[in-house]
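Here is a small set of exercises to work through with the structure open beside you. Try each task before reading its solution.

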Amino acid sequence: MTPRTHQADPTSSTRRTLLRGTAAAATAALATAALAPTAHAADTTPYPSKNPSRVRTGTPPRGPRIGILLYDGYSLLDPTGPAEILSRVPGASVTMVAERRGPVRTDTGDVAVMAERSLDEAGRLDVLLVPGAGNRGVVAAMENRTLLQWIRHTDRRTRFTTSVCTGSLVLAATGLLDGRRATTYWASAPYLEKTFDVTYVPERYVESGKFITAAGVSAGLDMALYLAARLTDEDTARAIQLAVEYDPRPPFDAGNAQEASEELKARALKIVEDSQA
């Protein structure tokens, strides 16, 4: 639909007005897309809570319930990149979950994302996403029995359990990836295979049963688009990709660890190490 303009002052339209007008057709198309039915009826049963009175239920969403786990020291794009994609899935709800409600800081310590729900308030999820972190964050998460227990409990009723970057190490620590194929951040691949009963696959994302793991950081966007197609259909996922204008054309051909020199790998890891709080 062509947005209405004002003849008196053609330059007075705000950016918001322009976006609202140009987005109208795309919004209508997404809203009418056929949404694949969930594997079960909506359920607001929470994770066992020590304080049930704090659990928020409300009206269940008509689409998939997606929970993204936050824990201290995660990498910023790991949860936020997929959240940008998955929040566009028609009818979906995306919620950030942590041990406690409130801001959770990234590996650099410079940014925090708000967790809207605690673990015992998350309820039943159709999709669980576990982000990766730097060494400090991922090691702490792998040793956090409360987190691991919650992941196992939540996974019992998910349609998809997913991870980004070293989040696959956290999933592996729960035992859920035993005997499966998975991917992770390139520098963590040897640890994944030597420590757990997991076969590393050097791909952007790997699906094994209901588990979908993504490689390092930016690969979460690719995984999220694939997951959007699995939750709906390919046409809807393509429309979401266009809606967020995901058309990567990096200025350098340096993102593939399989092709990178040892010198470049060492420098990359040094940059990561130096940036972490």
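**Exercise 1. A pair within one helix**

Task: Find how far apart E234 and R238 are in helix α8, and work out what that separation amounts to in helical turns.

Solution. Bear in mind throughout that this is a predicted model. Start with helix α8, which spans residues 234-243. E234 and R238 are four residues apart there, which means that about one helical turn separates them. Next, look at the side chains: those of E234 and R238 meet in a salt bridge, with 2.9 Å from N to O. Finally, check the surroundings of R238: its relative accessibility is 53%, and the cut-off for exposed is over 50%, so R238 counts as exposed.

**Exercise 2. A second pair, in helix α9**

Task: Decide whether K265 is buried or exposed, and do likewise for E262.

Solution. First locate the two residues: both K265 and E262 belong to helix α9 (residues 262-275), where they sit three residues apart, about one turn of the helix. Their side chains form a salt bridge at 3.6 Å, N to O. Now take the accessibilities. K265 has a relative accessible area of 19%, and buried means under 20%, so K265 is buried. E262, at 59% relative accessibility, counts as exposed.

**Exercise 3. The sheet and its edges**

Task: Trace the strand order of the seven-stranded sheet and name the strands that stand at its edges.

Solution. The sheet is open, its pairing is mixed, and its order reads β5-β2-β1-β6-β7-β11-β10. The edge strands are β5 (117-118) and β10 (205-208); each has a single partner strand, so one side of each lacks a neighbour in the sheet. Now zoom in on β10: four bridges join β10 to β11 (residues 211-214), and the two run antiparallel. Within this pairing, V206 is opposite T213 in β11.

**Exercise 4. Helices across the sheet**

Task: Identify the strands that helix α2 lies across, then those that helix α7 lies across.

Solution. Begin with helix α2 (residues 77-86): it lies across β1 (65-69), β2 (93-98), β6 (127-130) and β7 (160-164), and runs at about 160° to β2. Then turn to helix α7 (residues 219-231), which lies across β1, β6, β7, β10 and β11 and makes an angle of about 165° with β7.

**Exercise 5. Linking helix α7 to strand β10**

Task: Find which side chain meets R230 in a salt bridge, and which ring pairs with Y205.

Solution. Of the 10 salt bridges in the whole structure, one is formed by the side chains of R230 and E207, at 2.9 Å from N to O. Since R230 is in helix α7 and E207 in strand β10, the pair ties together parts 23 residues apart in sequence. R230, at 35% relative accessibility, is partly exposed, and so is E207, at 26%.

Now for the rings. The structure holds three aromatic pairs. In one of them, Y191 and F196 have ring centres 6.2 Å apart and planes at 80°, so this pair is edge-to-face. Y191 is partly exposed at 41%, whereas F196 is buried at 17%. Y205 and Y226, by contrast, form a stacked pair, 5.0 Å centre to centre with 25° between the planes. Y205 lies in strand β10 and Y226 in helix α7, so this pair connects parts 21 residues apart in sequence. Both rings belong to partly exposed residues: Y205 has 32% relative accessible area, and Y226 has 25%.

Technical notes. Residues are numbered from 1 along each chain as its sequence is written. This is a predicted model: local features need pLDDT of at least 70, side-chain atom pairs count only at pLDDT 80 or more; totals for chains, interfaces and linings use all residues. Side-chain values use heavy atoms; hydrogens and water are left out. Two strands pair if DSSP finds at least two bridges between them. Contact means heavy atoms within 4.5 Å. Axes are lines fitted to C-alpha atoms, for helices over the stretch in contact, and angles run from 0 to 180 degrees between N-to-C directions. A salt bridge is a side-chain nitrogen of Lys or Arg within 4 Å of a carboxyl oxygen of Asp or Glu. Buried means under 20% relative accessible area, exposed over 50%, partly exposed in between (1.4 Å probe, protein chains only). Rings of Phe, Tyr and Trp (its six-membered ring) pair if their centres lie within 6.5 Å; planes under 30 degrees apart count as stacked, over 60 as edge-to-face and the rest as tilted.
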